[in-house]
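Dear colleague,

I am passing on the structure we spoke about, and below it you will find some notes on what turned up when I went through it. Please keep it open beside you while you read.

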Amino acid sequence: FGWLDHQEFWVPFVPDENNRTWGRFLLVMGRLRDGITVESAQTELTAIAGDLSRTDPRNRDWTADVVPLRQQITGDLRTPLLVLLGAVALLQLIAVVNVSSLVLARAQERDLEFSLRSALGAGRRRLFRQLMAEALALVSIGAPLGILLALWITRSLTPLLPADLPRLDSIRFDGAVLLFGGALALVTFIAIGLVPIGRLIRTSIEASLRASSGRVTGTRSNSVIIVAEIALALTLTIAAGLAMRSFVQLRSTHLGFEPEDVTVMRLTLNPGYGTDAKRHLYFEGVLEQLARVPGVESVAAGNGRVLSAMAPATGVWLADAKIELPPVASVQIVTANYFNTLRTHVFEGRVHTAADRAGAPWTFVVSRGLARSLSPGRSIIGKRIVVALNNDIEGEVVGVVDDLQFGQLTAPGTPAVYIAHAQWPQGAMHVLVRSSMPLETQTDALRQAVWSIDRNIPIQSMETLRDVVSQASARDRVNMLILSLFAAVALILAGTGIYGVLAIEVGRRRRELGIRMSLGAQPRALQRMVLKRALVTAMIGIALGSVVAFAATRFMQGMLHGISPNDPRTYASVGAVMLAVALIAAYLPARRATRIDPLTAIRSE
């Protein structure tokens, strides 16, 4: 019975002609024989489903899908994990480009140094060793710090991950993780070591000596690196922006109930409560005792828990207009005061009362979506419907309520038909308690109220409805959090990269700027010159990054809710943020350019 959670006690289920009429309520698992593929099993089950649809009209257009169990458990995680892996790769690439740009700018500043070393007899192999040793020093310090930081972040983030995340206990630091970190460190070492070596190979001694007389070189390569860094950072930040907007959309989903101040307890009766009367009396007594607890405003119970991602469902149709393919609705057995406790809006008619008791005519409350399907454009109150349970139950619709979310948070409101618990008592129920007191202060009182009826009935779970809603969006929240952290680091790296390159370049151009000022150039003009270059470079990087993001974010389609991967508002806002970061990073070097003393700058060479 797949909609039940936390199953720990198992009894045989024997299919027969009677329980065939209960509806579609079972999850089926099977192990394939050796040599049988998923495709061949699907072909066979499709044929079986076709035979069932021909022998029973209620099965028309129904089929069976064969899904490997591994895919069933982890299938919806594949896209988020691949996106996060891509974000890691982007962040690593941004870091390498950032360090490489600073190393390249520093190498340009040291052209004269290496030229003099070469002129004094140092061979290129010795200069290569010096540059690689410098790169090794950077990596040997940064890599261990990075691994320690990763260990701390992993331990901090793991408690935030959803409890139902498959293989959550397998997230740990081991040899494979350290090996992967070492490989990244090696790639970084090679990248930042080859950048100055490539420049050293291309630069001659004479060119370096001429450049030292006042001509500045290498600005084009610096600009290319800054453009690449901005483009990569923009791509990652847009992905984070999309995840953030998607999460906001998800949290604003209409639930059909108010989760604040509601506690949910799951109770399952033992075989001693074998009759309908005993089951009904037990839960009636429990609700009566809970209502006496100080601070409790209202209590109720239902067999299904909201946002449980699965619920029993079957066909429902109008008694006087049966159709071959009736709409499918979730079947919920609820006590009186259920909708009041959840504060669910009642659109028409009434909800269940004490009059809807055992032996009385069947009465149903239906969700608004189901009412529209059964009676489009007309009121369904007073009409008789049939629910395909226990050889078809026929009764009158007495009320229409808002659509509640019994399925996943990302799914639309669940069509549902509600039956009074007194008319069909169940042995497994979720008890709802709305109270003005926090759960922490009432836990013992609620337990004692339940056990005052029968101490042999365990409370299988106790949680707040707010935690249930939070857990339903936990994966999206973690994805947003991780991507946002990556985007923040990317923005910081991009900003420091722009600042570092421009600061070094302004320092190298001190003589040129001093000459300009001695010839009458105004400080504001020099400041605008530096800022203009940063602005043009940033605009090119933003344009290029938008194109890359447009192609990359389409892989996030399965992670987004209520928003397109190409959302123009996200692109525009992230582009503005990136432009602001670039201008802020360029402001300090530009301001430094205006404070250069012309005579000191000219004499410094």
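Which backbone atom lies 2.7 Å from a polar atom of the side chain of Asn303? Please bear in mind while looking for it that this is a predicted model. The atom is the backbone nitrogen of Ile333, and Asn303 itself is found in the loop between strand E2 (296–302) and strand E3 (313–318). Although Asn303 sits in a loop, it counts as buried because its relative accessible area is 10%, which is under the 20% cut-off.

Turning to the interior, the largest nonpolar core has 52 residues, and those that touch the most other members are Ile230, Leu236, Ile238, Leu483, Ile498, Met556 and Met578. At least two residues of this core come from each of helix H3 (78–109), helix H8 (219–251), helix H14 (474–508), helix H16 (523–552) and helix H17 (568–593), and H8 gives the largest share, with 13 residues. If you select Ile498 and set aside its neighbours within four places in sequence, you will find it in contact with Ile226, Ile230, Ala582 and Ala585. There is also a second, separate core of 24 residues, which includes Phe339, Val398, Leu404 and Leu409.

On the surface, Met29, Leu69 and Ile73 form a nonpolar patch, and together they have about 350 Å² of accessible area. Met29 lies in the segment before helix H1 (38–55), and it counts as exposed because its relative accessibility is 72%, where over 50% is required.

With best wishes

How values were computed. Residues are numbered from 1 along each chain as its sequence is written. This is a predicted model: local features need pLDDT of at least 70, side-chain atom pairs count only at pLDDT 80 or more; totals for chains, interfaces and linings use all residues. Side-chain values use heavy atoms; hydrogens and water are left out. A nonpolar core is a set of buried Ala, Val, Leu, Ile, Met, Phe, Trp, Tyr and Cys residues joined through side-chain atoms within 4.5 Å. Buried means under 20% relative accessible area, exposed over 50%, partly exposed in between (1.4 Å probe, protein chains only). Helices (H or I, at least four residues) and strands (E, at least two) are DSSP runs, numbered from the N terminus. Contact means heavy atoms within 4.5 Å. A polar contact is a pair of N or O atoms within 3.5 Å; within protein, one must be able to donate a hydrogen and the other to accept it, and residues adjacent in sequence count only if both atoms are side-chain atoms. Patches are made of residues with over 30% relative accessible area and no salt bridge: like charges are joined within 9 Å, nonpolar side chains (Val, Leu, Ile, Met, Phe, Trp, Tyr) within 5 Å. Accessible areas come from the Shrake-Rupley method with a 1.4 Å probe; for residues, only the protein chains shown count as cover. A salt bridge is a side-chain nitrogen of Lys or Arg within 4 Å of a carboxyl oxygen of Asp or Glu.
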